[in-house]
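User: I am a first-year student and would like a close look at helix H13 and what lies around it. Please set it in its wider context, including the cysteines, the empty spaces and any unusual backbone.

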Amino acid sequence: MSWAVRSLLEGNTKIFSMLTDVSYLPTLTIDSLSAYFVLLISFGMLTGILYAGGYLKPFRKTMSRLELGIHHLAFIWLHISMLMVTVLRDGTFFLLAWEMMSVSSFILILFEASKKETRLIALNYLIQMHVGFILIMGAMMYVQSLGYAFGFDGLAGYFSKNSVLPLFLVLFAGFGIKAGFVPLHTWLPHAHPAAPSHVSGVMSGVMIKMGIYGLLRVLTYIHAELYVVGLIILGVSTLSGLLGVMNAITQHDIKKLLAYHSIENIGIIGMGIGAGLLGVALNAPALAALAFTGGLLHIFNHSLFKSLLFYGAGSVYQATHTRNVEQLGGLMKSMPKTGMLFLLGSLSICGLPPFNGFISEFLIYMGLFKGLGLDIWYLDLSMLASILGLTLIGGLAVFCFTKVFSITFLGSPRSSKASQAAEVSDDMIFSKILVGVLIVAIGLFPNLFVKWVAEVTALYVPDISPIENALPTLMKVGMAGGLFIVVSLVLLWVRSRQQKQVVVEYGPTWGCGYSGANAAVHQYTATSYANNFTELVGPLVGTTTHYEKIAEEEIFPKARHFETHSYDVFEKTLIDKPAELLLKSTDRHESFQTGKLTHYLIYVFVFLALVFLLTYFQIL
């Protein structure tokens, strides 16, 4: 940790060996990029373990010590493996750490392994992680077959003498599965809801960033074809941001909604990185430095507000035993601390001042607008499309979180689960406050954090002076945010003093003379709130409606339920349909599975005979 802090502040590369006398042990290398991610991992895991102390209390009564011990051990190994991923360059040890990270997170998702759905989700996650693993390993093995070193260091020689694009696309796909870029994201909306909330917060806030780290590490070795590479990252990221937030709006499961927002924010991070590469390729220092720094800062910002939101969702689930926002409502009265901290995370993820999400998105916007002044028509077109995309993403995020916050915390309870909710324990609140303080600190003192991130930007951008030029503007933004907070606190203090002199009366909401008012019926639902949007983007966001229509002959209609469910268009097209075709093809060969040992022995002898005949004819 101390090495990471020193390296990040000094901007130097620190190389040291675990045991210099043992040649087969790996060399650990920490530069400013590694240091940045080591800090992110360490803080994220710290808040995760603090939150887990309270979240796991109910499970200690129902689970054995062995089950909880395995869970805690997997959590520790996830921490260690992620740290190793960021400091290892040798291919063998890096891939070993990468695999350890996937397996330990797989065990964490399996926390409630008694549920069949959880086991299937964990298996789906593990399969997709191994697809990414094979792509990364295959790329490194191909580079080694050409005479270069096996690992990241071999990429430098390869990219200097060969075409960049083919190998980059393979590595981008491999690391992109872990990060959750569209269309490689299909594991993410299922794994996060299945895992316990402290694991969801760590996976979304920290672990998926390992995919971004891998991409950034690869980019340190690429010095040609940057325009094409940047355009690919920018295009995929814009698509990820838009589709991520669109899918989030249609969700009823609060954790699944947050998972889609992780895809959205991975898109925002990628937009900053992609635009920064375009600036480097076209010698536009302001675009390169500002956009890249904004993307890098958003990595840390997202780890903060997304872990805070998942911790808040976990608190809601522990208090109500449901993740369905349609069954919630009115929780601000019974869970005021969780509600206020969830509101803080919501404002930040929407990119609203004076919080940290605004600072990183503001830097990306500054870079994109700087790119418009270069009189390069194809760059102008890319910048305009990115600005429009980022604006739309931000607007839709506000729309989504007004829905989830208002339906969950405002109004009246829609079910007995919500009406019986109570605030969670202080140890679960403390970890959220710890994250919240840092969210506010980055919003009020952006210069301090931007200077640190600029040390990482220097690995990619030759001229980072535009960042120095932007610091006075950021200082004014921070001061304006501080003034806003002070004024808001003063107004709240004045209001509280005034309310002490007022007798507050409580009663049911006026129903215009109708005495059968029902909170579940007479309030906006999440479905009705997003209905117009869902109809507008129907082809991009799949939804199904479950409702039995009233027949003409039904004089007295029976009770009915109206439900809507959403599905991921990419998942249905790229995974579900191919899987169905594969199952149908295997069904045709069921006749070979007789269950009789003699038949299986015959298959073995036939196979060996075929091998013998083929070998014989090849010799002739």
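Analyst: A disulfide is a pair of cysteine sulfur atoms within 2.5 Å. In general terms, a disulfide is a covalent bond between the sulfur atoms of two cysteines. The model here is a predicted one, and a search through the whole of it turns up zero disulfides. Cys350 is in no disulfide, and the nearest cysteine sulfur to its own, that of Cys400, is 8.0 Å away. Cys400 is likewise in no disulfide, its nearest cysteine sulfur being that of Cys350 at 8.0 Å. Cys350 is buried, with a relative accessibility of 8%. Cys400 is buried too, with a relative accessible area of 0%.

Now the helix you asked about. Helix H13 covers residues 285-320, which is 36 residues. From its first C-alpha to its last, H13 reaches 51 Å, and this is close to the 52 Å expected at 1.5 Å a residue. H13 has a kink of about 25°, and the kink is centred on Phe300. Of the 36 residues of H13, 32 are buried, so the helix is largely enclosed by the rest of the structure.

The loops on either side of H13 come next. A general point helps here: most residues other than glycine have a negative phi, and most peptide bonds are trans. In the loop between H12 and H13 sits Asn283. Asn283 is not a glycine, yet it has a positive phi of about 55°. With a relative accessible area of 65%, Asn283 is exposed. Just after H13 comes His321, with a positive phi of about 60°. His321 is not a glycine either, and it belongs to the loop between H13 and helix H14 (331-334). The relative accessibility of His321 is 59%, so this residue counts as exposed. To put the two loops together, Asn283 is exposed and His321 is exposed, whereas H13 itself has 32 of its 36 residues buried.

The peptide bonds also hold something to look at. Val182 and Pro183 are joined by a cis peptide bond, with omega about 10°. Pro183 lies in the loop between helix H7 (165-179) and helix H8 (188-194). Another cis peptide bond joins Pro353 and Pro354, where omega is about 5°. Pro354 is placed in the loop between H15 and helix H16 (356-371).

Next, the empty spaces. Rolling a probe the size of a water molecule over the atoms shows where empty space is left. The count comes to one cavity of 30 Å³ or more, and the largest cavity holds about 30 Å³ of space. Val182, a partner in the cis bond with Pro183, is one of the residues that line this cavity. The others in the lining are His185, Leu243, Gly244, Asn247, Tyr260, Ile263, Asp568 and Phe570. Helix H11 (226-249) and helix H12 (254-281) each supply at least two residues of this lining. H11 gives the largest share, three residues. By type, the lining of the largest cavity divides into five nonpolar residues, three polar and one charged.

A pocket, unlike a cavity, is an open set of points. The second largest pocket has a volume of about 440 Å³. Its lining is made of 13 residues, and those nearest its centre are Met340, Leu344, Leu347, Phe355 and Ile485. Helix H15 (336-349) and helix H21 (465-499) are the elements that give two or more residues to the lining of this pocket. Twelve residues of the lining are nonpolar, one is polar and none is charged.

One more residue rounds off the tour. Phe93 belongs to helix H4, which covers residues 91-109. Phe93 has a relative accessible area of 26% and is partly exposed. Leu83 stands ten residues from Phe93 along the chain, and the C-alpha atoms of the two are separated by 12 Å.

To return to your helix: H13 spans 51 Å from first C-alpha to last, carries a kink of about 25° centred on Phe300, and is largely enclosed by the rest of the structure. The loop before it, between H12 and H13, contains Asn283, and the loop after it, between H13 and H14, contains His321.

Terms used
Residues numbered from 1 in each chain as written. Predicted model: local features only at pLDDT ≥ 70, side-chain atom pairs only at ≥ 80, totals over all residues. Heavy atoms only, no water. Buried < 20%, exposed > 50% of the residue type's maximum accessible area, 1.4 Å probe, protein only. 1 Å grid on protein atoms, 1.4 Å probe; cavity = no way out; pocket = protein on both sides within 12 Å on 5 of 7 lines; lining within 4 Å. Points joined across faces, edges and corners; volume = space filled by probe spheres on them. Helix = DSSP H or I, 4+ residues; strand = E, 2+ residues; numbered from the N terminus. Nonpolar A, V, L, I, M, F, W, Y, C, P; charged D, E, K, R; others polar. Expected span 1.5 Å × (residues − 1). Bend = angle between axes of the 7 residues up to and from the residue.
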